[in-house]
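Open the model in your viewer and keep the sequence panel beside it. This tour tells you what to select at each stop and what you will find there.

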Amino acid sequence: MNFSFKLLWVALVQIVTVFVLLVVVFLGYAGFATHSARGKAEALCKSIPVGTEARVAETAIASIDTDPRLRFSSENRLGAGFYGALLDRWFCTVSISDGKVIENEVRLID
């Protein structure tokens, strides 16, 4: 092997190593972000159990730290979402009837 080929080989190995590290870091971030978003949605739904007054559910959803565009409210459904990795969004959706929570659900939307 001549000297220039050895330098080329070292450069190639370094480039491949950096690429592999970037892929590993990205996958780690994606896993962490998805886990974090799901955990936040589950925590929100656990804080609004079935039987809770609708006012309490509205207050909990309004006070949660999330993007305002990920909150929604209608006459019989409330909810908030959290961003995961890439385009993943985890939502806690609460159904209301007669002024009480009758169902809460955590759901992945991508």
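Strands here are DSSP runs of E, at least two residues long, numbered from the N terminus. By that naming, Ser95 belongs to strand E3. Bear in mind that you are looking at a predicted model.

**Stop 1: Ser95**

Select Ser95. Is Ser95 buried or exposed? Ser95 counts as buried because its relative accessibility is 11%, and the cut-off for buried is under 20%. Now show what surrounds Ser95. Leaving out residues up to four places away in sequence, Ser95 touches Asn76, Arg77, Lys100, Val101, Ile102 and Glu103.

**Stop 2: the strands**

Stay with E3 and add E2. The two strands run antiparallel, and seven bridges join them. Find Gly79, which stands opposite Thr93 in E3. Next, trace the hairpin of E2 and E3, which has five residues between the strands. Pick Leu86 in that hairpin, where phi is positive, near 55°.

Now select all of E2. How many of the seven residues in E2 are buried? Five are, and E2 is mostly covered.

Add E1, which covers residues 71-73. E1 and E2 are also antiparallel, with three bridges joining them. A hairpin of three residues links E1 to E2. Look at Arg71, whose bridge partner in E2 is Ala80.

Move along to Ser73, in strand E1. Ser73 is exposed, with a relative accessible area of 58%. Try a distance from Ser73 to Thr93. They sit 20 residues apart in sequence, and their C-alpha atoms are 9.6 Å apart in space.

**Stop 3: helix H1**

Select residues 3-46 to pick out helix H1. Does the span of H1 fit its 44 residues, or what else would you expect from 1.5 Å a residue? The expected span is 64 Å, and the end C-alpha atoms of H1 are 64 Å apart, so the two agree.

Which residues of H1 are buried? Color Ala30, Ala33, Ala37, Ala41, Leu44 and Cys45. These buried residues pack against H2, E2, E3 and E4.

**Stop 4: the nonpolar core**

Now select Leu44, Ile48, Ile61 and Val94. These have the most contacts inside the largest nonpolar core, which has 17 residues. Helix H1, helix H2 (54-63), strand E2 (77-83) and strand E3 (89-97) each supply at least two residues of this core.

Zoom in on Val94. Setting aside neighbours within four places in sequence, Val94 is in contact with Ile48, Ile61, Asn76, Arg77, Leu78, Val101, Glu103 and Asn104.

**Stop 5: the disulfide**

Show the cysteine side chains. Which two cysteines does a disulfide join? Cys45 is joined to Cys92, with 2.0 Å from S to S. The pair links distant parts of the chain: Cys45 is in helix H1, Cys92 is in strand E3, and their positions lie 47 residues apart in sequence. The structure has one disulfide in total.

Look along the S-S bond. The link of Cys45 and Cys92 is right-handed, with 115° about that bond. Now check the surroundings. Cys45 is buried, at 6% relative accessible area, and Cys92 is buried too, at 0%.

**Stop 6: the salt bridges**

Side chains of opposite charge can pair when their charged atoms come close. How many salt bridges does the whole structure hold? There are four. Visit three of the sites below.

Begin with Glu42 and Arg38. Their side chains meet in a salt bridge, 3.0 Å from N to O. Both residues lie in helix H1, four residues apart, which is about one turn of the helix. An α-helix has 3.6 residues a turn, so residues three or four places apart point the same way. Glu42 is partly exposed at 29%, and Arg38 is partly exposed at 41%.

Next, select Lys100 and Glu53. Their salt bridge has an N to O distance of 2.7 Å. This pair links distant parts of the chain: Lys100 is in strand E4 (residues 100-109), and Glu53 is in the loop between H1 and H2. Lys100 is partly exposed at 35%, and Glu53 is partly exposed at 31%.

Finish with Glu105 and Arg107. Their closest N and O atoms are 3.3 Å apart in a salt bridge. Glu105 counts as partly exposed at 27% relative accessibility, and Arg107 counts as partly exposed at 44%.

Methods: Residues are numbered from 1 along each chain as its sequence is written. This is a predicted model: local features need pLDDT of at least 70, side-chain atom pairs count only at pLDDT 80 or more; totals for chains, interfaces and linings use all residues. Side-chain values use heavy atoms; hydrogens and water are left out. A nonpolar core is a set of buried Ala, Val, Leu, Ile, Met, Phe, Trp, Tyr and Cys residues joined through side-chain atoms within 4.5 Å. Buried means under 20% relative accessible area, exposed over 50%, partly exposed in between (1.4 Å probe, protein chains only). Contact means heavy atoms within 4.5 Å. The expected span of a helix is 1.5 Å times one less than its number of residues. A disulfide is a pair of cysteine sulfur atoms within 2.5 Å. Two strands pair if DSSP finds at least two bridges between them.
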